[in-house]
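Please open the model in your viewer and keep the sequence panel beside it. The stops below say what to select next and what is there.

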Amino acid sequence: MRFVDVKNLGLAGLLFILATLFLKISGLIRDMVFAFYFGTSIEADAYTIAFTFTNIVILFLNTGMKNALVPTYMNALENRRGAYHLSQVMRSTAIVSLVISALGAAFAPLYIPFIYYGLDEKGTDIAVFVTIIFFSSIVAVGMNAVLEAYFDANHRFAISVVSQILVMASSITAAVFFASTIGVYSLAFGYLAGTILSLLLKMLFFVPKGTYSLRWKFDRKEIRSFYLIFIPVAVTAMIGQINLTVDHAFASPYGKGIVNYITFAKNLVHFPQAIIAVTIGTMIFPMLSKAQTSNNKKLFKMGLQRGISTMSLILFPALAGMVWLMPGIIEAIYQRGAFTKEATEATTTVAYYYIGSVLFFSLQTVLNKGFYAMNKGQVIFRIGILSILLNGICNYIFTNMMDSYMGIPLASSFVAFIYFIASYYLFTKLMDKSNQKELMMDLSKILLSVLFMLIVLWCIRPLTASLPNLVEIAAVSAAGAAAYIGAVFMLRVSAVTFLISVFIKRKSIE
């Protein structure tokens, strides 16, 4: 029996991976531009604090909407109510976004000084104004989120990513042209312009006529049933950003630059997660949702296990290589302009402590998709709320034990580990443990391949250590990739076969 047309999924997935890669590179370029112009100054700290706080709401709407609307919209399509359901969600989200935007901007002068008490007066003033600018974009963000979820449900993944690239490009362009005159405000205004332009382009060129209508009356029952699913899922999407906000609150009293050491390090270390885990999670989510809707448990378990093994196949060697090359990577990316050698050294040390967080949160990403497809988002919601409390406690304990801000990234890695273990335990309670042996065997082979790669890198280290930084990064990356690819083929890792079937053979999953 045929369940999923992998030919279409493979093509859409390939376009999505390419678009996502370009998006994350755009984000890295934005960080490079930001570091060049502002370094680790008080202005940079203030901007980062404001963006991180507002990004809680952005993720609430954007990631939360995708995780909630994809399964509910697909279920509505099965009942020939797709346009009606999408219309109700679009209208209600526009109103909710408007209320959030107004309240967030109006009360910024009160909550920013309260949360970030370590900022001086100048930094507080900058953070407040940047927060107001970002909250002005929330209505456009909310409506963009609904349309991007619609695109994902129809396997048009690349459109959503390209629209986000447009927003990123707008911020970068604004910084290049206006950083010298209006400083960090240029990035915020660029983001605002980008979200509005992105929404207009979607509505004018990418959404077919009749997809939704804003003229239908409010259906309170329809809206209520959706938001009962959306709210716990969306709050869960905020958890990582809330924890980063907590990190910044603990970092701000340590002095100028510490907030950005933490931010630059976390952004860089989580770069593989942003590409690999999020991409694979998004690709398998429609498959999981369809399997759940048709009550096909075999397809559901197969999709989830292949998501975990495929993600591990790419993520594990990427993290190992990053750890090996960390000082050189940070120097190559950030050390120019206002970003000094001392800042590079501090950021490198912080980055090592964040490795655990990217590993376990990447694994968590795939698990979350399974929970959401089963409409069990409330389970992750409860665990996530506890993780915020645990993160605050661990930040307090570790920073005091180490008498250093290095306790902040260490706390993040520890919390990520606890979060994943708790989620995995609960997930196995909901699903039977069949085929676990096959998954564990695949993961074992992947770990052995990574170990072989590291042994090869250690053997050639006398030859590569004296090379110029960029040449060393290229040489080590090539040698490591060759060693790892050879090992996974020799060990016959099944995730490799699955990738080939998706992107080359393009057969149907059976």
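**The whole chain**

With the whole protein chain selected, its exposed surface comes to about 22300 Å², of which carbon and sulfur atoms supply 68%; accessible areas here come from the Shrake-Rupley method with a 1.4 Å probe, and for residues only the protein chains shown count as cover. This is a predicted model, in which local features need pLDDT of at least 70 and side-chain atom pairs count only at pLDDT 80 or more, while totals for chains, interfaces and linings use all residues. Residues are numbered from 1 along each chain as its sequence is written, and side-chain values use heavy atoms, with hydrogens and water left out.

Colour by secondary structure, and the protein chain shows 19 helices and 0 strands; these are DSSP runs numbered from the N terminus, with helices (H or I) of at least four residues and strands (E) of at least two. Of the 510 residues of the chain, 58% count as buried, where buried means under 20% relative accessible area, exposed means over 50%, and partly exposed lies in between (1.4 Å probe, protein chains only). Among contacts with a separation of 6 or more, 85% join residues 24 or more positions apart, a contact being heavy atoms within 4.5 Å.

**Helix H5**

Select residues 121-135, which form helix H5. The 15 residues of H5 should span 21 Å at 1.5 Å a residue, and the end C-alpha atoms are 21 Å apart, which agrees; the expected span is 1.5 Å times one less than the number of residues. Buried residues in H5 include Gly123, Ile126, Val130 and Phe134. The buried residues of this helix pack against helices H2 (42-78), H3 (82-106), H4 (108-115), H6 (138-153) and H8 (185-206).

Now look at the start of H5, where a side-chain oxygen of aspartate 120 comes within 3.3 Å of the backbone nitrogen of lysine 122.

**Salt bridges**

Stay on lysine 122 and add glutamate 43: their side chains meet in a salt bridge (2.5 Å, N to O), defined as a side-chain nitrogen of Lys or Arg within 4 Å of a carboxyl oxygen of Asp or Glu. This pair links distant parts of the chain, with lysine 122 in helix H5 and glutamate 43 in helix H2, 79 residues apart. Lysine 122 is partly exposed, with a relative accessible area of 46%, and glutamate 43 is partly exposed at 23%. The structure holds 6 salt bridges.

Move along H2 to lysine 66, which forms a salt bridge with glutamate 148, the closest N and O atoms being 3.7 Å apart. Lysine 66 in helix H2 and glutamate 148 in helix H6 are 82 residues apart. Are these two residues buried or exposed? Lysine 66 counts as buried because its relative accessibility is 18%, and glutamate 148 counts as buried at 3%.

Next add aspartate 152, which forms a salt bridge with lysine 66 at 3.9 Å between the closest N and O atoms. Aspartate 152 in helix H6 lies 86 residues from lysine 66 in helix H2, and aspartate 152 is buried, with 5% relative accessibility. Salt bridges that share partners join Lys66, Glu148, Asp152 and Lys202 into one network.

**Asparagine 55**

Still in helix H2, select asparagine 55, which is buried with a relative accessible area of 14%. What does the side chain of asparagine 55 make a polar contact with? The partner is the side chain of glutamine 241, at 3.5 Å; a polar contact is a pair of N or O atoms within 3.5 Å, where within protein one must be able to donate a hydrogen and the other to accept it, and residues adjacent in sequence count only if both atoms are side-chain atoms.

**Leucine 439**

Jump to leucine 439 in helix H17 (residues 436-464), a residue that counts as buried because its relative accessibility is 6%. Leucine 439 touches Gln305, Ile308 and Ser309, leaving aside residues up to four places away in sequence. Arginine 306 is 133 residues from leucine 439 in sequence, yet their C-alpha atoms are 8.2 Å apart in space.

**A nonpolar surface patch**

Finally, select Phe36, Tyr37, Phe129, Val176, Phe177, Phe178, Ile182 and Phe189, which make a nonpolar surface patch of about 760 Å². Helix H1 (6-38) and helix H7 (157-182) are the elements that give two or more residues to this patch, and H7 gives the most, with 4 residues. Phenylalanine 177, in helix H7, is exposed, with a relative accessible area of 58%. Patches are made of residues with over 30% relative accessible area and no salt bridge, with like charges joined within 9 Å and nonpolar side chains (Val, Leu, Ile, Met, Phe, Trp, Tyr) within 5 Å.
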